[in-house]
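Open the structure in your viewer and keep the selection tool at hand. This tour moves from one stop to the next.

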Amino acid sequence: MRLSENISELIGHTPLVRLQTGIPIGGPRAYVKLEYLNPSGSVKDRMVLHVVQKAFDEGQLKPGDTIIDNTSGNTGVSMGMVAAVYGLKAIIVTPEKTSKEKVDLIRSYGVEVVITPTEALHNDPEGCYLVARRIAKENGYFDLDQYDSQDNVESHYLTTGPEIWEDTDGQITHFVCGIGTGGTFSGAARYLKEMNPAIKMIAVDPVGSVFTEFIQTERIVEALNYKVEGIGSDVVTKALHPHLVDQVITVSDEASFNRARLVARTDGISGGGSSGTIAVAMEQIAVDLDSSALIVGIFADAGIRYLSKCYNDQWMLKYGFLKPSKEVQR
Ligand SMILES: Cc1ncc(COP(=O)(O)O)c(C=O)c1O
């Protein structure tokens, strides 16, 4: 029998599948890890499960307690799922720009959603980061604080990294991963570097996020607006361990969204906008590599979460990411 006693047992062990789009024929082998096949639909299931399990083990959480965090959406969905399994209540704080599909999905798990202005940045008391901290403190809720949590990093050190190592029989040569909190990158990269220090760790960041400049020069610049969700930040996080980064690749919203659409049509893999970001970065490194290289990229969530955004022609046209054409006007 192969029976699971609750939905959280199905987290992890996601597959690696070949990516063709943008990868030169006869060039390196490129695979993407389909994190959207986690049971709530994103990479965040791993982090939320680990943090909650650990807090239960350490006596910091018990059934009936409330967990809270600020999130661009996926963490909220994972919190809803894990909270249901563990008998917890969940509250999330998210900026207005988070897609309607994600907010509706989070609410469907019974999670309370607090919306904050998108323009309010990290240090703004009205912004999602400080609003979440304030609600947690005032009410004694358990604060996941994913941006600074080392348990977030540890979840990927214990699961994502080992899975990639085992599924590639240790042949991985390049790891390509977006940075939101930095947890996925730092945890998996640390494990993979321990297994083979020659593996190149490539961090991927949207144009406008502060990570690129910080990794390259340790300077903290002012963030600009960008539309891709789940990656990039207006503040440097403690879950990012910059010493693990060998190279950082910065990708525009336009390139990310169009690539996500192209990968869906060419490879039949429908990732979120940030999966497009990853696919662009994978192409950039693939052009300089030969067939001995094996690139692994992380597809953090699925296109179905962005049907009103990058998979919607009108939305793409509105922001100038798509040029008007006959096909679009039909
Ligand atoms: C939609 C989305 N969520 C989360 C992540 C990873 O987040 P984190 O750095 O917080 O582990 C990514 C990374 O690619 C992402 O694209």
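What follows is a walk through two sheets and a pair of helices in a predicted model.

**Stop 1: the four-stranded sheet**

Select strands 3, 4, 5 and 6. They form an open sheet of 4 strands in the order 5-4-3-6, with parallel pairing. Look for the edges at strand 5 (112-116) and strand 6, each of which pairs on one side only.

**Stop 2: strand 3**

Now select residues 66-70, which make up strand 3. Is this strand mostly covered or mostly open? Mostly covered: 4 of its 5 residues are buried.

Add residues 89-95. This is strand 4, and strand 3 pairs with strand 4 in the parallel sense over 5 bridges. Find Thr66, with Lys89 of strand 4 opposite. To see how the chain gets across, show residues 74-86. These are helix 2, and the route from strand 3 through helix 2 to strand 4 is a right-handed β-α-β crossover.

Then add residues 142-143, which are strand 6. Strand 3 and strand 6 also pair in the parallel sense, over 2 bridges.

Click on Ile68. Its bridge partner in strand 4 is Ile91. In strand 6, the bridge partner of Ile68 is Asp143.

**Stop 3: the helix across the sheet**

Select residues 128-139. This is helix 4, which lies across strands 3, 4, 5 and 6. Helix 4 runs at about 160° to strand 3.

**Stop 4: the six-stranded sheet**

Move on to strands 1, 2, 10, 7, 8 and 9. In that order they make an open sheet of 6 strands, with mixed pairing. Which strands stand at the edges? Strand 1 (16-18) and strand 9 (247-251) do; each has a single partner strand, so one side of each has no neighbour in the sheet. From one strand to the next, the twist averages 25°.

Zoom in on strand 1 and on residues 29-34, which are strand 2. The two run antiparallel and are joined by 3 bridges. Pick Val17 to find one bridge: its partner in strand 2 is Val32.

**Stop 5: two helices that cross**

Last, select helix 9 (residues 253-266) and helix 10 (residues 273-286). They pack at an angle of about 95°, with their axes 7 Å apart. That angle makes helix 9 roughly perpendicular to helix 10.

Show the side chains at the contact. From helix 9, the residues include Phe257, Arg259 and Val263. From helix 10, they include Gly273, Thr277 and Val280. By class, this contact has 6 nonpolar, 7 polar and 1 charged residues.

Note on methods:
Residues numbered from 1 in each chain as written. Predicted model: local features only at pLDDT ≥ 70, side-chain atom pairs only at ≥ 80, totals over all residues. Axes fitted to C-alpha atoms, helices over the stretch in contact; angles between N-to-C directions. Parallel < 35°, antiparallel > 145°, perpendicular 65-115°, else oblique. Contact = placed C-beta atoms within 7 Å. Nonpolar A, V, L, I, M, F, W, Y, C, P; charged D, E, K, R; others polar. Buried ≥ 20, exposed ≤ 12 C-beta atoms within 10 Å, placed from the backbone. Pairing = 2+ DSSP bridges. Right-handed = clockwise from strand over helix to strand, strands pointing away.
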